[in-house]
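Open your viewer and get ready to click along. We will go from one stop to the next, with something to select at each.

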Amino acid sequence: MSDIPAIEVRGLRRVFDVRQGLFAKPRQVVAVDDVSFSVPAGSVLGIVGESGCGKTTLARMILGLLPPSSGDVLIDGQRLGDLDRRARARLIQPVFQDPFSSLNPRRRVRDIVAMPLVAQGNIAGDEVKRRVGEALERVGLSAEQGSRYPSQLSGGQRQRVAIARALVLRPRIVVCDEPTSALDVSVQAQILNLLAELRKDLGLTYLFISHNLAVVEHVASEVAVMYLGRIVERNESEALFAHPQHPYTRALLDSVLTPEPGLGVPDVGLGDTMPDPANIPPGCRFHPRCPLAFERCSHETPKLTPNEAGFVECLLAEE
Amino acid sequence: MSALLDVRNLRVTFGGTAAVRGASLTVEKGETHCLVGESGCGKSVTALALMGLLARGGKREADALSFAGQDIRNLGERDMSRLRGDRMAMIVQEPMTSLNPADTVGSQLTEVLRRHRGASRAQAVDRAAELLGRVGITAPGLRLGQYPHQLSGGLRQRVMIAMALMCDPELLIADEPTTALDVTVQAQILRLLAELQAEFGLGILLITHDLGVVARIADRVSVMYAGEVVESAPTAELFAAPQHPYTRGLLTCVPVPGKVKRGEPLGSIPGVVPRIPPGFVGCSFRDRCAYAHAACKHDIPRQHAGPDHEALCTLPPGWTDRAAA
Amino acid sequence: MSVTVVPGTGAARRLLRNIGFVVGATIVGVTLIVAILAPWITPYDPFAVDLVHRLVPPSFMEDGTPANFLGTDQLGRDYLSRLIYGARISMIIGIATVITSGIIGTTLGILGGFYGGRMDDVVMFLITARLSIPVVLVALAVAGLLGSSFILVILVLGLLLWDRFAVVARSTTMQIRTLDYVSAAWCAGSSQASVLLREILPNIATHLAVVATLEMALAILLEAALSFLGLGVPAPLPSWGLMIAEAKEYMFFTPWVILVPGIALFVLVLGVNLLGDALRDLLGTDLNR
Ligand SMILES: Nc1ncnc2c1ncn2[C@@H]1O[C@H](COP(=O)(O)OP(=O)(O)OP(=O)(O)O)[C@@H](O)[C@H]1O
Ligand SMILES: Nc1ncnc2c1ncn2[C@@H]1O[C@H](COP(=O)(O)OP(=O)(O)OP(=O)(O)O)[C@@H](O)[C@H]1O
Ligand SMILES: [Mg+2]
Ligand SMILES: [Mg+2]
């Protein structure tokens, strides 16, 4: 395997203008704020974080669906902007969260799966047919199901279709944006096992976004924790789950609901005030909710402190 | 007193195919009843049928279907839509497609209250802002003016939850309401629902596939398979002594931190939910069941494994203890 | 569009809608077939004047002759033949107008909805501008300047009736543009043209079909109105509007001369509208399922 990282992201930032009324001044929502990381080829980077913290925005920028406000995305060593759409499609493919809106309701499953091949423009009809059949079989769908419309499939089956579509071109990288969070446990297990198997067989690199920590722990080799547009902690999967350093990571881990009846829903002391991306607190952006916050946190921006394989961004860790 | 929601032997067919083949469940005032089961087993169809929202071509039949003592089987569309969103609310499974993309979140939220309660615009906006705050959305003013596509998946789902709660419903049918939420927000929403339950005696029928959620908040669990409720029990009992092999299979599919090694496949139930042809007799799980035997091809008895614990299986109640011994 | 959730109950209403569909489709279908087959099924030449047999009543009325089923007009032309040719004119006008205005409106709407920003501002401006032009006045002016002709009616209506297509195409495109399947198509390396044609267009087509029926009914009515005013199809072409205009002098003595084309117009427009309503109801849900 080469040393060039499959994905490299440098200083990525994305700001949205949100218009409130016709005449009000637009407010700026900083969805992703100066994020840098790289994903070595063949590994799985899990990204976890609160809903609305910018995970999807980050994924969309890496997929080239959304231009960054500033910063660079390099796919396999090449700048995303320099790749033409066909070359990009051969390198990186998405699997989206919502299996209901990610398939065109007016097209048959096999046409949906064939789309990336057809878009290449130079693949013969027979070849397209053969590879679509292969891809469907690979994800466990029958040929009969290939001639159905998405509305005639269940959520898990639709997600298999989305995976088949992502894999027909045999890309190097798959960006999975919460691929299993709309699925039930047994299908989730099947899809996760399928993704793991495909990764082993095809040597894929995954960017795996999920808010299900148990799932991320299961699939990811490294994990990045996002909070309000920034990565606040990054580490090897085992290390991060064994001894989380950032107070937010700890709160996340404590909020996981394990299937043990009678324990109730834990209150991890984050309070009920959710962060407002249009109004980011000064100092450490987590300090208003942090159970361990002290005086310096409200005005001093923490620096990155290296750990085993990544870093943590917290004043406590600096000491 | 009768239950808030009482469903007996609900059947739903689409054309020739049966999507629900006999689901019975009750939701008491202040109770949380969880419905779990594999994708495509008919959970959403059950919920939609209860709300009278089946897609075109869906036919609903039931031996009993009552809400707060009122038989709603033959209620007209006008009366049903007066109940819906008001006394019985539903959070549907697809937050993107159920919000109108061409309208702001605020006007969709206030619509509900203004239609059912004739509230003034200002009142409705206040209520909407309050609820958005309670489901953990800061800067409600900003969010009210946004369009659904400008929100993240989790925000959209919270908007849906707020919308369902606008009129203080008595029954909330929530179809996978926290799937797009991260764990901390999920915990917050679940605590909110518990509060509402304590305050107003809200009855909840919660459809979820997160067994963690089920374990922590359900009073009662029904497991559905291929359109049937195959097991129903109080939560603790279901987790401690699952009777149906399918329930046992489900419990092994959950990745539990520390229990399943990374890179190793998760336990999963082999095969897929079968298509059930008309006139099918016997256990629908038998082709995927490790314990299947000849009797599974005939009518399956509904067995009692406890005072409040039923399972649709030929295996004798308590077989798991004996298997373990 | 929000999910148009269709209730499981209310079967009677659904049936009624289907009856609307059946009735509408039958009316439009029969008119279309009659219009196409006009030269072969008309008993007489619709232009053949026969001053001896003027204003002969229909055969089922007193004094009627079996030779002219619907009688003859003030110049002795066979009324049934003229009615059939009139259907031809109405259908041609309706269809041609819908095609022209549909292409203009859909293109503008999709462009505005898809690209947003400046492009959308331009499209919105065009729509507003168009809405402030009164169709009948423009037709009047054009007819006054250029004289009336069949092609001119089609052009005027086609160039003026695209606004609803544009509005609907724009808003539906905007909604669909943000859905994941469109994102997936971009990631698959599809070209803009293929995203527009394969992902977006098929998903707004049903909405456009509904608009098309509404516009067709409107075009047919407008043509009749313009012809009635002498600004549309020129005589001696047998437009229904023109037939009504020519008949109005005789309507007190021979009311059937005005009733026959009047009823034909009413039934056709009703049929097209029924079809549109039924289409909307039948396709509305599928769009989101
Ligand atoms: N098109 C847009 N216009 C304005 N704001 C946007 C837009 N897209 C996203 N945002 C904002 O950016 C922030 C991050 O959104 P994003 O979808 O990336 O969150 P997320 O981490 O994926 O959340 P979730 O887990 O809920 O999917 C949110 O505050 C959201 O409101
Ligand atoms: N409109 C419809 N027409 C025909 N069949 C349908 C329709 N809606 C649902 N079905 C079928 O009914 C069955 C049950 O579907 P349902 O959506 O209730 O599953 P579910 O348990 O909610 O699954 P998931 O966990 O994926 O949401 C499926 O086999 C599905 O194909
Ligand atoms: Mg997201
Ligand atoms: Mg469902």
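The tour below visits a whole chain, two ligands and one side chain.

**Before you start**

This is a predicted model, in which local features need pLDDT of at least 70 and side-chain atom pairs count only at pLDDT 80 or more, while totals for chains, interfaces and linings use all residues. Residues are numbered from 1 along each chain as its sequence is written, chains are lettered from A and ligands numbered from 1 in the order in which they are written, and side-chain values use heavy atoms, with hydrogens and water left out.

**Stop 1: chain B as a whole**

Select chain B and show it as a cartoon. You should find twelve helices and 13 strands, which are DSSP runs numbered from the N terminus (helices: H or I, at least four residues; strands: E, at least two). Its C-alpha trace spans about 65 × 50 × 35 Å along the principal axes. The radius of gyration of chain B is 21 Å, which agrees with the value near 20 Å that a compact globule of 325 residues would have; this radius is taken over C-alpha atoms, and the globule rule is 2.2 Å times the number of residues to the power 0.38.

Now switch on the surface. Chain B exposes about 12,400 Å², with carbon and sulfur atoms supplying 52% of it; accessible areas come from the Shrake-Rupley method with a 1.4 Å probe, and for residues only the protein chains shown count as cover. Of the 325 residues in chain B, 60% are buried (under 20% relative accessible area; exposed is over 50%, and partly exposed lies in between, with a 1.4 Å probe and protein chains only).

**Stop 2: ligand 1**

Select ligand 1, which lies between chains A and B. Show the residues around it (those with a heavy atom within 4 Å): there are 19, and the closest are A:Gly52, A:Lys55, A:Thr56, A:Thr57 and B:Gly154. Six of the shell residues are nonpolar, nine polar and four charged (nonpolar: Ala, Val, Leu, Ile, Met, Phe, Trp, Tyr, Cys and Pro; charged: Asp, Glu, Lys and Arg; polar: the others, Gly among them).

Try some distances next. Ligand 1 has an oxygen atom 2.7 Å from a polar backbone atom of A:Lys55, and one 2.9 Å from a polar backbone atom of A:Gly54. From chain B, an N or O atom in the side chain of B:Arg143 is 3.2 Å from a ligand 1 oxygen. Taken alone, ligand 1 exposes 640 Å², and the protein buries 91% of that.

**Stop 3: ligand 2**

Move to ligand 2, between chains A, B and C. Which residues are closest here? B:Ser39, B:Gly40, B:Ser44, B:Val45 and B:Gln93 are, out of 15 that surround the ligand. Helix α1 (residues 43–51) of chain B gives the most to this shell, with three residues. Oxygen atoms of ligand 2 are 2.9 Å from a polar backbone atom of B:Lys43 and 2.8 Å from a backbone N or O atom of B:Val45. The protein covers 72% of the 640 Å² of accessible area that ligand 2 has on its own.

**Stop 4: B:Arg87**

Finally, select B:Arg87, in the loop between α2 (77–83) and β7 (88–91) of chain B. B:Arg87 is partly exposed, with a relative accessible area of 30%. Its side chain makes a polar contact of 2.7 Å with that of B:Glu170; such a contact is a pair of N or O atoms within 3.5 Å, where within protein one must be able to donate a hydrogen and the other to accept it, and residues adjacent in sequence count only if both atoms are side-chain atoms.
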